[in-house]
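Trainee: Please take one strand of this model and go through it closely. I would like its residues, its pairing and its surroundings in one connected account.

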Amino acid sequence: MYIAMNRFRIALGKEQEFTDIWKNRDSHLSEVPGFKSFQLLRGSTDGECTLFASHSIWESEQAFRDWTQSEAFRKAHANASTSKGIYLGPPKFEGFEQVL
């Protein structure tokens, strides 16, 4: 099993807009071999931002990497540039392989 996470720093006051983007977008993940599940997580808020993380579970790291090179990935990220002013910098990727 492989877990892929992206951490997002979201501008204060833009949390609902960010959540709505994820809620309303077609991720195309259901058509991707090796995909298991997805969650969007909300973390703490400080004086600058609110932390969010996307959390997806895959059968393997290779299944995740194959998705990042797929047409489904391109479709899921096609409108990413329309979200300016929401993100405080790019997402930070973190990948984890299950060991136990």
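**Strand β3 and its surroundings**

Mentor: Leaving out neighbours within four places in sequence, Ser54 has contacts with Ala4, Met5, Asn6, Phe8, Trp22, Phe38, Gln39 and Leu40. The model is predicted, and that list is a convenient way into it. Ser54 sits in strand β3, which covers residues 49-58. Its relative accessible area is 7%, so Ser54 counts as buried, the cut-off for that term being under 20%. The strand around Ser54 is mostly covered as well: of the 10 residues in β3, 9 are buried.

Ser56 belongs to β3 too. With a relative accessible area of 9%, Ser56 is also buried, because the value falls under 20%. With neighbours up to four places away in sequence set aside, Ser56 is in contact with Tyr2, Ile3, Ala4, Phe35, Ser37 and Phe38. The side chain of Ser56 also makes a polar contact, at 2.8 Å, with the side chain of Trp58. In general, side chains of a regular strand alternate between the two faces of the sheet.

The contact lists can now be set beside the strand pairing. Strands of a sheet pair through backbone hydrogen bonds, in a parallel or an antiparallel sense. Strand β1, residues 2-11, runs antiparallel to β3 and is joined to it by 10 bridges. Within that pair, Ile3 stands opposite Ile57 of β3. Strand β2, residues 35-45, is likewise antiparallel to β3, with 8 bridges between them. Here Phe38 has Ser56 of β3 as its bridge partner, and Phe38 is also among the contacts of Ser56 listed above. The connection between β2 and β3 is a hairpin, with 3 residues between the two strands.

Beyond these two pairings, the whole sheet is open and has 4 strands in the order β2-β3-β1-β4, with antiparallel pairing. Its edge strands are β2 and β4 (92-97), each of which pairs on one side only. From one strand to the next, the twist averages 20°. On the far side of β1 from this account's starting point comes the pairing with β4: β1 and β4 are antiparallel and share 6 bridges. One position in that pair is Asn6, which stands opposite Phe93 in β4; Asn6 is also one of the contacts of Ser54. Helix α2, residues 61-68, packs on the sheet and touches β1, β3 and β4, its direction making about 50° with that of β1.

The nonpolar cores come next. The largest has 9 residues, namely Tyr2, Ala4, Leu29, Val32, Trp58, Ala63, Phe64, Trp67 and Ala72. At least two of its residues come from β1, and at least two from α2. Helix α2 gives the most to this core, with 3 residues. Trp58, a member of this core, is the residue whose side chain makes the polar contact with Ser56. Tyr2 and Ala4 are core members as well, and both are in contact with Ser56. For another member, Ala72, the contacts outside four places in sequence are Ser27, His28, Glu31, Val32 and Trp67. There is also a second, separate core of 6 residues, which includes Ile10, Phe18, Phe52 and Ile86.

Key
Residues are numbered from 1 along each chain as its sequence is written. This is a predicted model: local features need pLDDT of at least 70, side-chain atom pairs count only at pLDDT 80 or more; totals for chains, interfaces and linings use all residues. Side-chain values use heavy atoms; hydrogens and water are left out. Buried means under 20% relative accessible area, exposed over 50%, partly exposed in between (1.4 Å probe, protein chains only). Contact means heavy atoms within 4.5 Å. Two strands pair if DSSP finds at least two bridges between them. Axes are lines fitted to C-alpha atoms, for helices over the stretch in contact, and angles run from 0 to 180 degrees between N-to-C directions. A polar contact is a pair of N or O atoms within 3.5 Å; within protein, one must be able to donate a hydrogen and the other to accept it, and residues adjacent in sequence count only if both atoms are side-chain atoms. A nonpolar core is a set of buried Ala, Val, Leu, Ile, Met, Phe, Trp, Tyr and Cys residues joined through side-chain atoms within 4.5 Å.
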